[in-house]
Amino acid sequence: MISEDADTPRVALVTGSSTGIGAAIAKRLSREGFRIAVTARAEEHTHATVGWIRGNGGTAHGFAADLSRPEEIEDLFTRFDARFERLDALINNAGMASIADSTSMPLRHWNRVLTLNLTAPFVTAQCAHPRMTQGEGGGGVIVNIGSVYSRMSAGRRAAYVSSKHGLIGLTKALATEWAPDGVRVVAVAPGYTETDHVRVAMEDGGFDSAAVVSRTPMGRLAHVDEVADAVSFVCSERASFVTGSTMNRPGFSGESCVLRRRSPSKGCGQRSSRSRTLRVRGSRTRSAGGSCCTSRPTAGLRARRARASSTGLGGG
């Protein structure tokens, strides 16, 4: 179990913590009393987060590592040992998004996504385990940052969805295996969050922000601090009996995805010549060619909902 004794400064390593969700997590854990190891591909990219933490009275050091290379992960932990004498929390936040047609996706792209989003968290966890369990009363927590795609899917995201589903499986497997060692493993799966990467994806037409917001009961994207709050809880003694589970923070209703790729030349209500309509759970449809419209439930769907309601299974 992680001690929260003020005389025992805890240490957290947060991968991909130069910006966005990772930076917010690093800052929040610093405010909770953790000393922070900030990582990014280049050491200079860690300066902003490290500077903020130090400027607010915390302790932080920056480390560069390409997490797609196992040998660099091992070297990262060697350098980590030179700065810190213990490890209490590992936050596997680094990852990459991917939108690509499955019929033409190069295998090297598939491998890169799976390597960074799934293999790297496994290797970092392997490196973290002995550092968390050393000494009497050792233990710690590993938090894997998943996604709304950890439990649902959408077109053109085969590599990303597979990696994020796999991350939940890895979370459960390690939690079961390492619980006797005092190491908890938990996943936090946020929905679409206001970050620079998401804004760029919106601008590039990767998905329709209006469709996301319309599907979100809160009527907005998540804020990075809301994700950091969830991670802070998981890393605290308040969550000492929580392991192997996924804290879903999607803000979405239902489990089907209705995101639509925007067509650069077509507006709302129009479809390109390649368009085809795909049925998803519920009454919404999506067009592969860029329609951002929704449809009324068909007579068949209404009948299925009525039968489900009468048997207590729910509809949609």
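Me: What is a nonpolar core?
Reply: Buried means under 20% relative accessible area (1.4 Å probe, protein chains only). A nonpolar core joins such residues through side-chain atoms within 4.5 Å. The eligible types are Ala, Val, Leu, Ile, Met, Phe, Trp, Tyr and Cys.

Me: How is this structure numbered and filtered?
Reply: Numbering starts from 1 along each chain as its sequence is written. The model is predicted: local features need pLDDT (the predictor's confidence in each residue, from 0 to 100) of at least 70, side-chain atom pairs count only at pLDDT 80 or more, totals for chains, interfaces and linings use all residues, and side-chain values use heavy atoms, without hydrogens and water.

Me: Which element gives the most residues to the largest nonpolar core?
Reply: That core has 35 residues, and Leu67, Phe77 and Ile142 have the most contacts inside it. Helices (H or I, at least four residues) and strands (E, at least two) are DSSP runs, numbered from the N terminus. Elements giving two or more residues include β1 (10-14), α3 (70-83) and β6 (183-190). With 9 residues, the top contributor is α4.

Me: Which residues does Leu67 contact, leaving aside neighbours within four places in sequence?
Reply: Contact means heavy atoms within 4.5 Å. On that basis, the partners of Leu67 are Thr15, Ile73, Leu76, Ala94, Leu116 and Ala120.

Me: How many contacts beyond four places in sequence does the model have for residues 253-298?
Reply: The protein averages a pLDDT of 82. Over residues 253-298, pLDDT stays under 50. Where pLDDT is low, the predicted coordinates should not be read in detail. For residues 253-298, the model's count is 91.

Conventions: Buried < 20%, exposed > 50% of the residue type's maximum accessible area, 1.4 Å probe, protein only.
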